[in-house]
Protein chains: 2
Amino acid sequence: MTDADGDVDIPESHPRYESLLTRHRIEAGVEAGITSRQGLVAQGRGEAFDYLLGERTLPSADAAERAAAAHLLLADHPVLSVNGNVAALVPGEVVDLAEATGSDIEVNLFNRTDERMERIADHLREHGAGEVKGLTADGTIPGLDHERAKVDADGIGDADVVLVPLEDGDRAEALGELGKVEIVIDLNPMSRSARAADVPIVDNVVRAVPAITDHARDLADADRGRLESVLAAFDADEALSVAERAIREGGDDENGT
Amino acid sequence: MTDADGDVDIPESHPRYESLLTRHRIEAGVEAGITSRQGLVAQGRGEAFDYLLGERTLPSADAAERAAAAHLLLADHPVLSVNGNVAALVPGEVVDLAEATGSDIEVNLFNRTDERMERIADHLREHGAGEVKGLTADGTIPGLDHERAKVDADGIGDADVVLVPLEDGDRAEALGELGKVEIVIDLNPMSRSARAADVPIVDNVVRAVPAITDHARDLADADRGRLESVLAAFDADEALSVAERAIREGGDDENGT
């Protein structure tokens, strides 16, 4: 069976399906010039944490994904930030999430070059994205050095809710200080990015992004009260503690699963 | 202060000295065409495990490093196997260890290409290596497919003790079945490579290789009886358990350190 993007032929029944698909997409990302060397090292770090987590979505991560969906639906101006690894791993899934939540998509790179910005924007458009922000770079995030600070004034600069998957710690902290609601996807619950987030999602981005989309579709007709009760049910500190315990202790300690 | 290879200028007092040096060497390895994409991902996995371990050498890892030194000194024909990441990270340190223990150096790549073999051999020679084996490839390890099986008949093929840092699980298991004493350096104590080893060293290769050399110099004048008592004092299963516990539980549970 071919995966959703038609880009690789791995049977979904294969026990290592997700892992092989991930590896394939990262390799393709390097070929396409959108995944950086740092991105490959970061991918390895994520693999190790996911291995220790048992390569599964914890119930607390699922609750975080549902809270993320509620935040994006409640937002006046939600923006999904995309870097090289996110573009390589879940391009079509990010487009689906943007559609399900009415979010903008903005490319934001830790190592920003015009060439890689353009390639990633093109890659997202090939996967169905309409407008891709990030190329104007007429806004800045205070507290970061020049290249790292660049955002679009009418994108992340104007957003009230931002999803930043796999974000660098410095930028996650700087974004958090802007008073925006920050949703982070990061497999390391001890990372500064996860700790800076209003909603930290300790899960593989390959599982997390489609899960947020599923929750957003499920909540599409929910009123403000119901969305706010989803938010109230989620405890970020507790989710981080549970995830760290799962990684440290080998994990099947949550809800007896 | 400049590091031993004169290749980077990071003060040793810098809190992230080792991490920055490692990152710098891996980057240089990519530039030099000796570190592969898989090598970068593997580097990231190692970083995550080392982070959980507290980026320190456990006493049990130090005991493993001492046992490794004793095995290399007791061997009739010890061989140090070198892949792309090892060549990038510790080229001079491998040459020092070979000199301290009378070991051969052999290049062995998971993704073998003649070009990368030559580049790695050249890189090792630039760091002081004499003969570098691995290019003849006139021997094979049974149980592996063609390219993965290649070794030098008068190198790993003839060795009675082999150090394989950062080795792939399949090859570590196949080597272990040949009846050779196998020493593995791997930051994941649950990996097949670590479990296949007679002496698993759960430590960063940047710390482990110089530590084995230090032990070898310390034991240079030891007689066979003393070297054998060093081996007898090391328990591989116990070392793996302690390392896993340190990673899982955050670590300071060994000898009260």
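Me: How many residue pairs are in polar contact across the interface of chain B and chain A?
Reply: Keep in mind that this is a predicted model. Only pairs with both residues at pLDDT 80 or more go into the tally for the interface of chain B and chain A. On that basis, the number of residue pairs in polar contact is 12.

Me: Which helix gives the most to the side of chain B that touches chain A?
Reply: Helix H1 (17–31), helix H2 (37–53) and helix H12 (236–249) of chain B each put at least two residues into that side. The top contributor supplies 12 residues, and that's H2(B).

Me: And how do the residues on the side of chain B that touches chain A divide into nonpolar, polar and charged?
Reply: The contact draws 24 residues from chain B and 24 residues from chain A. For chain B's side, the split is 10 nonpolar, 6 polar and 8 charged.

Me: How many salt bridges does the rule find across the interface of chain B and chain A?
Reply: Side chains of opposite charge can pair when their charged atoms come close. Take B:Arg37 and A:Glu27, with their closest N and O atoms 3.1 Å apart. That sits inside the 4 Å cut-off for a salt bridge. Across the interface of chain B and chain A, the count is 6.

Me: How much area do chain B and chain A bury between them?
Reply: Of the area buried, 60% is on carbon and sulfur atoms. The figure for chain B and chain A together is about 2,000 Å².

Me: What kind of axis relates the two copies?
Reply: Chain B lands on chain A with an RMSD of 0.0 Å after a turn of 180° and a shift of 0.0 Å along the axis. The same surface serves both copies, as 100% of the contact residues of chain B recur in chain A. Going by that turn and shift, the copies are thus related as by a two-fold rotation axis.

Me: Inside chain A, how many residues apart in sequence are the parts that A:Glu47 and A:Arg23 tie together?
Reply: Their side chains meet in a salt bridge, 3.3 Å from N to O. A:Glu47 lies in helix H2 (residues 37–53) and A:Arg23 in helix H1 (residues 17–31), so the pair links parts whose separation in sequence is 24 residues.

Me: What radius of gyration does chain A have?
Reply: Chain A is built from 12 helices and 7 strands, and its C-alpha atoms fill a box of roughly 50 × 45 × 35 Å. A compact globule of 257 residues would come out near 18 Å. Chain A agrees with that, at 17 Å.

Notes: Residues numbered from 1 in each chain as written. Chains lettered and ligands numbered in written order. Predicted model: local features only at pLDDT ≥ 70, side-chain atom pairs only at ≥ 80, totals over all residues. Heavy atoms only, no water. Least-squares fit on C-alpha atoms with pLDDT ≥ 70 in both. Contact = heavy atoms within 4.5 Å. Buried area = accessible area lost by both parts, 1.4 Å probe. Polar contact = N/O pair within 3.5 Å; in protein donor to acceptor, adjacent residues only side chain to side chain. Helix = DSSP H or I, 4+ residues; strand = E, 2+ residues; numbered from the N terminus. Nonpolar A, V, L, I, M, F, W, Y, C, P; charged D, E, K, R; others polar. Rg over C-alpha atoms; globule rule 2.2 N^0.38 Å.
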